[in-house]
Every structure is written in C-alpha cells, then in structure tokens.
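Here is a short report on one protein chain and its ligand. Keep the structure open while reading.

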Amino acid sequence: MNKYVVTGGAGFIGSALVRALLREGAHKVVVIDNLLGGKEENLAEVSGSVELHREDICCYEAIAPIVRGADVVFHQAAIPSVPRSIDDPVPSHEVNIDGAFQVFRAAKDGGVRRAVYAASSSAYGDTAVLPKSETMMPCPKSPYALQKLVGEYYASVFAGCFGLETVALRYFNVYGPRQDPSSPYSGVLSLFMKAILDRRPPTIYGDGEQSRDFTYVDDVAELNLKAARAPDVSGKVINGGNGGRITLNRAWALLQKMEGVEIPPVYEAPRAGDVRDSQASIDLAVSLLGHAPRYSFEEGLRLTLEWYRSQHR
Ligand code: UD1
C-alpha cells in the first residue's frame, strides 16, 4: 500500500491535497505539520484517514522516521507571504530554505521515490513579457521569492546528485475555502472575503490595477496528483497556474456584485517587494502533466464566497 506524506498538510493548500489523495483512493495519508499556520480543523472531516504528526520540518531527526518508506512526499509546509518575509526574514528563511533541505534530505535517506515541491510564481519577479513561462530567468524581488527559488534549486540538485525524483510546481496565487483571513499577511482574496461579509472596505495597496493569476485550490491539488505520477519530469520546474489574469479592482468588483453591495476600497501605498502582474503560461503543465484547470475565476470565487458565508457569524 502506497504511503503519502504531506508536509503542511493541515494548512489551506496541504489539507486540500490530503482530501484529493483520499478521494483518489489513498487509504491513509501522513501529515507533518507544526500547526503554526495549519489547523487540525482543516482535517476534521478526514481525521480517521489521516495520521497527523505535530513536528517541525527543520528537525531532521523528528521527520526522517515519518518520511521513511513513502512513495511520494508533497512538500507544502512553508511560511508564506512576501511582506512577512520582509518584516521578519529569519523564520521564513529558516523554514523555507533549511526546512525544504531537511525534507528533501529525509526523503532521499528514506528511499522515497519522488518529492513534489510547492514553489512560487514570485520567483519570476517582474518580467517584461506575460504570460510567464519556465524558460524565463527568475528575478526574485523579496526574501520569500528568493527562498522559494532556492527550494526549487535544491529540488533539482537532489534529483541530479542524489537520485531523488523531484518536481517543483510554481503556484500562482492559490485561493479557495479554508484560506485563513486572520492575519494582515493573509492572501488578498481571503481578506476580501472577510471584508465583504463584514461590510467593510478592503485595503488595496497601490492602484488596484496589479493583476494575479488566481488559481483555485482544488486545481492545484489535482496538479500535485498529476505531478506525483507523470513520467520523465524529474528535476523539472513547472507552473501551477490557471492561465488567467485578474486585477484586484476587478476581483473586488465581482465580489460586490455577488454580494449585492457597493463598498469602495481604501487605497494605500504599494507594498515593498510586490510584483505588478502575474500570469502563468500553462503550456508546460499541460504537455508534461496533463494539467486541466477546471475552475474559472468567477466559479472559484463563487464557491469560495459560499464557504466563507457558511463560516461567517
Ligand atoms: C505571492 C506569490 C504567490 C504566493 C504568495 C505566498 C506573486 C506574484 N505571487 O503572492 O504565488 O502564493 O506570495 O504568500 O509573487 N494586497 C492588497 N490588500 C491586502 C493584501 C494584499 O491590495 O489586504 C495586494 C498585494 O499588495 C498584492 C496582491 O494583493 O499586490 C496579492 O497579495 P497576496 O495575496 O499577499 O499575494 P502575493 O504577494 O501576490
């Protein structure tokens, strides 16, 4: 019976991946999560099929025995957020670089077949051309972007030097149910959801015309399953995006329409380290992995809003 390990499996993306693995027929999924960003309640509905280990990925001795013998390790654990990595760079450096190294090391030592790594579109920085494709030179603009890029390089070095198969998926602004809106560092759409349900204006940094390729969480989970089994992809870096491009002003306009309210945003100065535009070329993901995103932005936004409504008091 195959064993799957998901680091960060109690988090927003990790728990969606755990549910996708179980839907696909996995009997048991092993989660490593220190519950700093993750929450046990994200796994409540599948708790009988999940083995949760509350450990820190930076501690090799703690994670190595858990990882040993797995078929695939999905490395999702991280300290996200561009501004957090600028305000407080040490923890994100340690977790995103040293932690990734220890996960790959444990996977290699434990005879794991493949590690699938959650990389980030932030690695591209501002490119002259859109959409962003994997042949473009990375140009990280923030500690977070650099840390995630180092993790990618480590993944491909583990493939080349140590015989661990790896695939790095560059996520493009993932959103959906369970994204935690409680911190100023939270993903913008989760903050928009909370604002609209509280009938408060959101804060928009800059003119709101910056754009993102918002990607629905279940499409990203599905892409991870494909990356785990695709042949001849070891050492590769592949975009995990939807292929679209939505401005923040448009996202807020759509939400207002869905809720039937009119609340002008409050505009503030742009954030340091912010990328202006982000849009994935999904050609490589389609050709190598058979990527087929199922959720349009409107559909994903509607499903996400429904979930936040169900949680809103
Ligand atoms: C970046 C990565 C993304 C990664 C994420 C992890 C890029 C293009 N994307 O996301 O792949 O998953 O880090 O944290 O680098 N904003 C507001 N108001 C708010 C909050 C944010 O206007 O209250 C703006 C930001 O300034 C930014 C946009 O919304 O322009 C998106 O911000 P955020 O959701 O934090 O994600 P990125 O930094 O784009």
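Leaving aside neighbours within four places in sequence, which residues is Thr304 in contact with?

## Thr304 and its contacts

This is a predicted model. In it, Thr304 is in contact with Tyr175, Gly176, Pro177, Met193 and Tyr216, its neighbours within four places in sequence left aside. Thr304 sits in helix α10, residues 297–311. Its relative accessible area is 2%. That is under the 20% limit, so Thr304 counts as buried.

## Two domains

The protein chain splits into two domains. Domain 1 takes 3–175 + 214–243 + 279–295. Domain 2 takes 188–210 + 245–277 + 303–311. Their centres, taken over C-alpha atoms, are 26 Å apart. Domain 1 gives 14 residues to the contact, and domain 2 gives 14 residues.

## The ligand site

Where does the ligand lie with respect to domain 1 and domain 2? It lies between them, because both domains give residues to the shell around it.

There are 21 residues around the ligand. Ser81, Val188, Thr203, Arg212 and Asp274 come nearest. By class, the shell holds 9 nonpolar, 9 polar and 3 charged residues.

## Polar pairs and burial of the ligand

Three pairs involve an oxygen atom of the ligand. For Ser81, a backbone N or O atom lies 2.8 Å from such an oxygen. For Val188, a polar backbone atom is 2.7 Å from an oxygen atom of the ligand. For Asp274, the partner is a polar side-chain atom, at 2.6 Å from a ligand oxygen.

How much of the ligand does the protein bury? Taken alone, the ligand exposes 750 Å². The protein buries 92% of that. Two elements give two or more residues to the shell: α6 (188–197) and β8 (203–205). The largest share, 3 residues, comes from β8.

## Backbone features

Most residues other than glycine have a negative phi, and most peptide bonds are trans. Which residues here have a positive phi? Ser81 is one of them, with phi near 90 degrees. Arg199 is another, with phi near 55 degrees. Neither residue is a glycine.

Ser81 lies in the loop between β4 (72–75) and α3 (82–87). It has 11% relative accessibility and counts as buried. Ser81 is also one of the residues that come nearest to the ligand. Arg199 is in the loop between α6 and β8. At 42% relative accessibility, Arg199 counts as partly exposed.

Is the peptide bond from Leu130 to Pro131 cis or trans? It is cis, with omega near -5 degrees. Pro131 belongs to the loop between β5 (114–120) and α5 (143–162).

## Gln179: a buried loop residue

Gln179 is found in the loop between β7 (174–175) and α6. Its relative accessibility is 11%. The limit for buried is 20%, so Gln179 falls under it.

What does Gln179 touch, not counting residues up to four places away in sequence? Its partners are Phe12, Val174, Gly187, Ser190 and Tyr308.

## Glu40 and Cys59

Glu40 lies in the loop between β2 (29–32) and β3 (50–53). Is Glu40 buried or exposed? Its relative accessible area is 53%, over the 50% limit, so Glu40 counts as exposed. Residues up to four places away in sequence aside, Glu40 touches Leu35 and Leu52. Gly9 is 31 residues away along the chain, and its C-alpha atom is 9.4 Å from that of Glu40.

Cys59 lies in the loop between β3 and α2 (60–67). Its relative accessibility is 34%. That lies between the 20% and 50% limits, so Cys59 counts as partly exposed. Cys59 and Val103 are 44 residues apart along the chain. Their C-alpha atoms are separated by 9.1 Å.

How values were computed
Residues numbered from 1 in each chain as written. Predicted model: local features only at pLDDT ≥ 70, side-chain atom pairs only at ≥ 80, totals over all residues. Heavy atoms only, no water. Helix = DSSP H or I, 4+ residues; strand = E, 2+ residues; numbered from the N terminus. Buried < 20%, exposed > 50% of the residue type's maximum accessible area, 1.4 Å probe, protein only. Contact = heavy atoms within 4.5 Å. Near = heavy atom within 4 Å. Polar contact = N/O pair within 3.5 Å; in protein donor to acceptor, adjacent residues only side chain to side chain. Areas by Shrake-Rupley, 256 points an atom, 1.4 Å probe, with all protein chains shown as cover. Nonpolar A, V, L, I, M, F, W, Y, C, P; charged D, E, K, R; others polar. Domains from an automatic or database assignment.
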